[in-house]
Each structure stands twice: as C-alpha cells, then as structure tokens.
Amino acid sequence: MNVVVFLLTLGITCRITRLITKDTLAAGFRSWTAQRFGDDSKFAYLVTCSWCTSVWVAAAVVPVAFLAGNTVAFQAVAMVLTLSYLSGVASNWLD
C-alpha cells in the first residue's frame, strides 16, 4: 500500500466514523440502536464512541484499500470522503 492510498484510507476511516458517531444524518440510526438494545448497551456505546467505531470502520476499509487502492474508482470515492472530512475539520477550526 503506497502513502497516497494509506492517507486516503485514513480519510475514509475518519469520515465514516464521524458519520456514524456524530453526524445528524445518522442520528436516527443511533437512536434506533439505543432503543433496540438499550441506552447502556455495548451496541449503543459502539455507535457513539468514535474511538471504538473507528476500529470496526478501519477493519472494513483496509481490505478494500489493499485490494482496490490503486484503482481510479477507489481513489475518487476516497478523495471525496477525505476532502469532506478535512473540510468539516477546517470549518470547525476556522469558525
């Protein structure tokens, strides 16, 4: 895996983790998980803990990056997700 693919994989992992644990778009999923398994359940904790969720997101993303990291399709999607994450970080920092 080259450095570019590694950095894009890092960006994907950050963005998807943020989507699951913090973004309004996934609030329904987090609420559903808490209702289904209980507020104090490990599943509810998993979808709100960035540290925990990132391990599972990375476990799913790394094999894809390893197999398809040098394809244009992977790099295009990865770049969109990475730039989305970096734009959000920059926006929060600049505000």
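## Briefing on a predicted helical model

At 39% relative accessibility, V62 counts as partly exposed, because that value falls between the 20% below which a residue is buried and the 50% above which it is exposed. V62 is placed in helix α4, and it is one of the residues that form a nonpolar patch on the surface. The model described here is predicted, and the points below take up this patch, then helix α2 and its cover, and then two buried residues, D23 and A44.

**The nonpolar surface patch**

- The patch is formed by M1, V3, F6, L7, L10, V62, F66 and L67, which together have about 880 Å² of accessible area.
- Two elements, α1 and α4 (50-68), give two or more residues each to this patch, and the largest contribution comes from α1, with 4 residues.

**Helix α2 and its two sides**

- Within helix α2, which spans residues 27-37, the residues R30, T33 and A34 are buried. They lie on the same side of α2, because the arc they cover around the axis is only 95°.
- In general, an α-helix has 3.6 residues a turn, so residues three or four places apart point the same way.
- On the face of α2 that is turned away from its buried side, one finds the exposed residues Q35 and R36.
- The cover over the buried residues of α2 includes α1 (3-21) and α3 (42-46).
- Just after α2 comes G38, which takes a positive phi of about 100°.

**D23, in the loop between α1 and α2**

- D23 lies in the loop that runs between α1 and α2, and it counts as buried because its relative accessibility is 15%, under the cut-off of 20%.
- The side chain of D23 is joined to that of R15 by a polar contact of 2.8 Å.
- When residues up to four places away in sequence are not counted, D23 touches R15, R18 and R30, and R30 is itself one of the buried residues of α2.

**A44, in helix α3**

- A44 has its place in helix α3, and with a relative accessibility of 7% it counts as buried.
- Although A44 and A34 are 10 residues apart along the chain, their C-alpha atoms are separated by 5.0 Å.
- Leaving aside neighbours within four places in sequence, A44 is in contact with T33, A34, G38 and D39; among them, T33 and A34 are buried residues of α2, while G38 is the residue with the positive phi just after that helix.

How values were computed: Residues numbered from 1 in each chain as written. Predicted model: local features only at pLDDT ≥ 70, side-chain atom pairs only at ≥ 80, totals over all residues. Heavy atoms only, no water. Buried < 20%, exposed > 50% of the residue type's maximum accessible area, 1.4 Å probe, protein only. Arc of directions from axis to C-beta. Contact = heavy atoms within 4.5 Å. Polar contact = N/O pair within 3.5 Å; in protein donor to acceptor, adjacent residues only side chain to side chain. Patch = residues over 30% accessible without salt bridge, like charges linked within 9 Å, V, L, I, M, F, W, Y side chains within 5 Å. Areas by Shrake-Rupley, 256 points an atom, 1.4 Å probe, with all protein chains shown as cover. Salt bridge = Lys/Arg side-chain N within 4 Å of Asp/Glu carboxyl O.
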